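Subject: Handing over the structure

Hello,

Here is the structure I promised to pass on. Please open it first, then read my notes below.

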Amino acid sequence: MYNAQDMLLYHPDVPPESRMYVILPSAFHLPFENHSILTKDRVKINIILVKQPQPGRPTLLYFHGNAGNVGHRLHNVLGLYTACGFNVLLVEYRGYGRSEGSPSEQGLYLDAEASMDFLLQRSDLNKQQIFVFGRSLGGAVAVYLATCPFYAQHVKAVILENTFISIPSMGEQIFRFGFFAYIPWWCYKNLFPTQKRIPKMHQATLFICGLKDELVPPKMMQTLYSSSGSEKKRIETFPDGTHNETWMCPGYYEAIYSFMDQVNMQHEWQSEK
């Protein structure tokens, strides 16, 4: 049961052929670089950098959810590139798409560190303008990176979308059996304890919450918002936003652009809308 937990959490084969075929940004007429980088435990992972022609633009380090590959996020990336003006670095976790290895909690953290190292080594990118984005499982990875002692100093701001508070809490929510509340944490192979970490996160943070999220209860996003240690935080709710399609809601890119502008221009902070 302990080892079978990975099959419940990580779905690199959904949809079918996700491990064999990764759509490239060229399909959307986006300029890009495709790299294979080595993590600290010697695993090769696939990353894609969609880069703006103008120098100095902010870079969004993009951590996706628990299924598919980076190619499935390109419609979203197109909006982040055109409407918000980001460079976007897409990270394909180990065991997903064209990346080697098998997914694990510690492995995903190492993937995140390697991707940030890649950005910090680039002389053509503005290292003072690195935003970290995470959706669902990716939100847990983003919070890990933003609270890591070395990497936190390089994170300008964080954007979290439809993210859970922990894997044990999600297990209780999904299976809806009361005994899950009494299973000790050491029985879980993957924890992703975001609620425990986020009080230590002090970067400006945007919380994006789809109120029709059918997987992660919206109240978890409110909990993370309340628990965040940041004094500069906003929560944006989308009444028709589902778990995977909140990015399609009207006003989504406007909210992110407004947040980016607020971070950089030091406008007065309005915490909640």
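A search of the whole structure, which is a predicted model, finds ten aromatic pairs. Tyr 93 and Tyr 96 form one of them. Their rings are edge-to-face, 5.7 Å centre to centre and with 85 degrees between the planes. Tyr 93 has 0% relative accessibility, so it counts as buried. Tyr 96 is likewise buried, at 0%.

Another pair is Phe 207 with Tyr 225. The ring centres are 5.5 Å apart and the planes stand at 90 degrees, so this pair is edge-to-face. Phe 207 belongs to strand 7 (residues 204–210) and Tyr 225 to helix 7 (residues 218–227), so the pair ties together parts 18 residues apart in sequence. Both Phe 207 and Tyr 225 are buried. Tyr 225 has a further partner: the charged end of Lys 233 sits over its ring, 4.9 Å from the centre. Elsewhere, Phe 86, Phe 131 and Phe 259 make up one aromatic cluster.

Next, the cores. The largest nonpolar core has 53 residues. Which of them touch the most other members? They are Leu 61, Phe 63, Met 116, Leu 160, Phe 164 and Phe 192. There is also a second, separate core of 33 residues, and Tyr 81, Cys 84, Trp 247 and Ala 255 are included in it. In general, nonpolar side chains tend to be buried together in soluble globular proteins.

Take Leu 61 in more detail. Beyond four places in sequence, it touches residues that include Leu 89, Val 91, Met 116, Phe 131 and Leu 145. Phe 192 deserves a look too. It is found in the loop between helix 5 (167–175) and helix 6 (194–197). Its phi is positive, about 40 degrees, although it is not a glycine. At 0% relative accessibility, Phe 192 counts as buried.

Now the strands. Strand 1 (residues 32–38) and strand 2 run antiparallel and are joined by seven bridges. Asn 34 has Ile 48 of strand 2 as its bridge partner. Five residues lie between the two strands in this hairpin, and Arg 42 takes a positive phi near 70 degrees.

Strand 2 also pairs with strand 4, again in the antiparallel sense, over five bridges. Here Leu 49 is matched with Leu 89. Strand 3 runs parallel to strand 4, with five bridges between them. Thr 59 stands opposite Asn 87 in that pairing.

Is strand 4 enclosed or open? Six of its six residues are buried, so it is largely enclosed by the rest of the structure. In a regular strand the side chains alternate between the two faces of the sheet. Both faces of strand 4 are covered. Asn 87, Leu 89 and Val 91 are buried on one side. Val 88, Leu 90 and Glu 92 are buried on the other.

Helix 2 (residues 74–82) has buried residues as well: Leu 74, Asn 76, Val 77, Gly 79, Leu 80 and Tyr 81. What do they pack against? The list is strand 2 (44–50), strand 3 (59–63), strand 4 (87–92), strand 5 (130–135) and helix 8 (252–265).

Last, the loop between helix 1 (5–9) and strand 1. Four of my notes concern it.

- Pro 15 is found in this loop. A cis peptide bond joins Val 14 to Pro 15, with omega about -5 degrees.
- Ser 18 lies in the loop too. Its relative accessible area is 1%, so it is buried. A polar atom of its side chain lies 2.4 Å from the backbone oxygen of Pro 15. Leaving aside neighbours within four places in sequence, Ser 18 is in contact with Pro 12, Asp 13, Gly 68, Asn 69, His 72 and Gly 97.
- Leu 24 is another residue of this loop. It is partly exposed, with a relative accessible area of 24%. Leu 24 and Gly 71 are 47 residues apart in sequence, yet 6.1 Å apart in space, C-alpha to C-alpha. Its contacts beyond four places in sequence are Phe 32, Asn 34, Ile 48, Leu 74 and Arg 98.
- His 29 is found here as well. It has a positive phi of about 60 degrees although it is not a glycine. His 29 is exposed, with a relative accessible area of 75%.

Over to you.

Best wishes

Definitions and conventions: Residues numbered from 1 in each chain as written. Predicted model: local features only at pLDDT ≥ 70, side-chain atom pairs only at ≥ 80, totals over all residues. Heavy atoms only, no water. Buried < 20%, exposed > 50% of the residue type's maximum accessible area, 1.4 Å probe, protein only. Helix = DSSP H or I, 4+ residues; strand = E, 2+ residues; numbered from the N terminus. Contact = heavy atoms within 4.5 Å. Pairing = 2+ DSSP bridges. Polar contact = N/O pair within 3.5 Å; in protein donor to acceptor, adjacent residues only side chain to side chain. Core = buried A, V, L, I, M, F, W, Y, C linked by side-chain atoms within 4.5 Å. Phe/Tyr/Trp six-rings, centres within 6.5 Å; stacked < 30°, edge-to-face > 60°. Lys NZ or Arg CZ within 6 Å of the ring centre and 35° of its normal.
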